[in-house]
Amino acid sequence: MDTRELRTKATQITPDIYSLEIPTPFSVGAVNVYLVKGDKLTLVDVGPKTDEAWQALTEGLQSAGVRVEEIEQIVLTHHHVDHCGQLEKVRQLSGAVTLAHPQAAPYVELDEDFMHFHDQFFLELYQKSGVPSDMLVIIAKFHKLMKTFSEPSRIDVLLKHKQRVPNLEEWQVLYTPGHSQSHLSLYRERDRTMIGGDHIIGHISSNAFIEPPRDRSGARPLTLVQYRTALQMCADMEVERVLAGHGEIVTDHRELILARLQKNWSRTDTLRSLLADGEKTAYELTTLLFPTLYEKELPLTLSETIGHIDLLTILHQVEVKEKDGVLYYHL
Ligand SMILES: [Zn+2]
Ligand SMILES: [Zn+2]
């Protein structure tokens, strides 16, 4: 095949794994999609639904000697649109079977009922966190983002922690929640390779996004606590390389994880010092922790703040009181 004209070329990582760099319109930059030539031709993630991403995916596959129509199954690391937006397009063309964690399903389906519950959860959370009412429009923006960069699709096979990936029997599924409640990583013992999605990224620290409770009732998951636990699980494993969802291959996963875990404690120290001069809401703390970023990236920065407040709360280092429906934290 003549591949000289292709702008996006796949990078061969092992005899059976190829990496494809797919552009995204988001600040995170390109997303890495992996092609695994196992018993079935498998894609891990697909990229967002944009023309540029589609072109990169088809060209990248072509350079690896594969047509989109030949893809037989698609595993999603998690439900974020930069990873799964063009799922339906690939599925329609190829008839591929889709596999993901159960928590990915309502997002991938763009289930209207779930989206309503999702909006309601964030409305209450933001109000409790002291977010000014004129900033609450951000909640509707999430919806719009989902609908712009993905389209309703479906998950055929639900994957669970420690099971083997069907038709990719060397690969084990690891449930690694925190960045997202649907987050899976894949691990192959033979060559100690992990496909890490957004769980382990080399050049940026992954965010533990706040999400609504799984069963639509009860308390929200403590996502930063989950994330740290899942990181520790991976630090205990023998891993030669992590094929990350963004950026370069990670070859020093233990050092990286230690640095990430350590960074959490320096951030809790900062929070404690900010609370030393009096009680504050999660929103006020967010504006102080991320003065240049909070307006543009409120869900992300508020998640960071609330996650670290959760850590301090578990350790009984902060206390909280409610006034007129808003939570105020103090030492
Ligand atoms: Zn993500
Ligand atoms: Zn991502």
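This report walks through the fold, the nonpolar cores and a few single residues of one protein chain.

**Overall picture**

Please keep in mind from the start that the model is predicted. Its chain contains 10 helices and 14 strands. Along the principal axes, the C-alpha atoms take up a box of roughly 65 × 40 × 35 Å. The radius of gyration is 20 Å, and a compact globule of 331 residues would have one near 20 Å, so the chain agrees with that expectation.

Other values fill in the picture. Of the 331 residues, 55% count as buried. Among contacts in the chain with a separation of 6 or more, 66% are between residues 24 or more positions apart. The surface that the chain exposes comes to about 15,000 Å², with carbon and sulfur atoms supplying 50% of it.

**The annotated domain**

The UniProt record, in an unreviewed entry, lists residues 30-246 as "domain: Metallo-beta-lactamase". In the model, this stretch is 33% helix and 20% strand. The C-alpha atoms at its two ends are 6 Å apart.

**Nonpolar cores**

In soluble globular proteins, nonpolar side chains tend to be buried together. Which residues have the most contacts inside the largest nonpolar core here? They are Leu20, Leu35, Leu43, Leu57, Leu61 and Ile74, in a core of 30 residues. At least two residues of this core come from each of strand E2 (17-22), strand E3 (31-37), strand E4 (41-44), helix H1 (51-63), helix H3 (87-94) and helix H4 (105-108). Helix H1 gives the largest share, five residues.

A second core, separate from that one, has 25 residues, including Ile138, Ile139, Ile210 and Ile309.

Ile74 is a good place to look at the larger core in detail. Beyond its neighbours within four places in sequence, Ile74 is in contact with Leu43, Val46, Leu87, Val90, Arg91, Ala96, Val97, Thr98 and Leu99.

**Two residues in one loop**

Pro221 sits in the loop that runs between strand E11 (193-197) and helix H7 (223-235). Ile204 also belongs to the loop between E11 and H7. Is Pro221 buried or exposed? Its relative accessibility is 13%, so Pro221 counts as buried. Ile204 counts as partly exposed because its relative accessibility is 32%.

Their contacts can be listed too, leaving out residues up to four places away in sequence. For Pro221, these are Gln181, Glu211, Pro212, Pro213 and Gln226. Ile204 touches Val28 and Arg260.

Distances between C-alpha atoms place each residue further. Pro221 and Glu211 are 10 residues apart in sequence and 7.1 Å apart in space. Ile204 and Ile139 are 65 residues apart along the chain, and 25 Å separates their C-alpha atoms.

**Cysteines, and accessibility side by side**

A disulfide is a covalent bond between the sulfur atoms of two cysteines. How many disulfides does a search of the whole structure find? The search finds zero. Cys84 counts as buried because its relative accessibility is 6%, and Cys234, at 0%, counts as buried as well.

The table gathers the accessibility values of the single residues described above.

| Residue | Relative accessibility | Class |
|---|---|---|
| Cys84 | 6% | buried |
| Cys234 | 0% | buried |
| Pro221 | 13% | buried |
| Ile204 | 32% | partly exposed |

The cut-off helps in reading these rows: buried means under 20% relative accessible area, so the 13% of Pro221 falls within that class.

Note on methods: Residues are numbered from 1 along each chain as its sequence is written. Chains are lettered from A and ligands numbered from 1 in the order in which they are written. This is a predicted model: local features need pLDDT of at least 70, side-chain atom pairs count only at pLDDT 80 or more; totals for chains, interfaces and linings use all residues. Side-chain values use heavy atoms; hydrogens and water are left out. A disulfide is a pair of cysteine sulfur atoms within 2.5 Å. Buried means under 20% relative accessible area, exposed over 50%, partly exposed in between (1.4 Å probe, protein chains only). A nonpolar core is a set of buried Ala, Val, Leu, Ile, Met, Phe, Trp, Tyr and Cys residues joined through side-chain atoms within 4.5 Å. Helices (H or I, at least four residues) and strands (E, at least two) are DSSP runs, numbered from the N terminus. Contact means heavy atoms within 4.5 Å. The radius of gyration is taken over C-alpha atoms; the globule rule is 2.2 Å times the number of residues to the power 0.38. Accessible areas come from the Shrake-Rupley method with a 1.4 Å probe; for residues, only the protein chains shown count as cover. UniProt positions are given in the numbering used here, feature names are shortened, and annotations may be inferred rather than shown by experiment.
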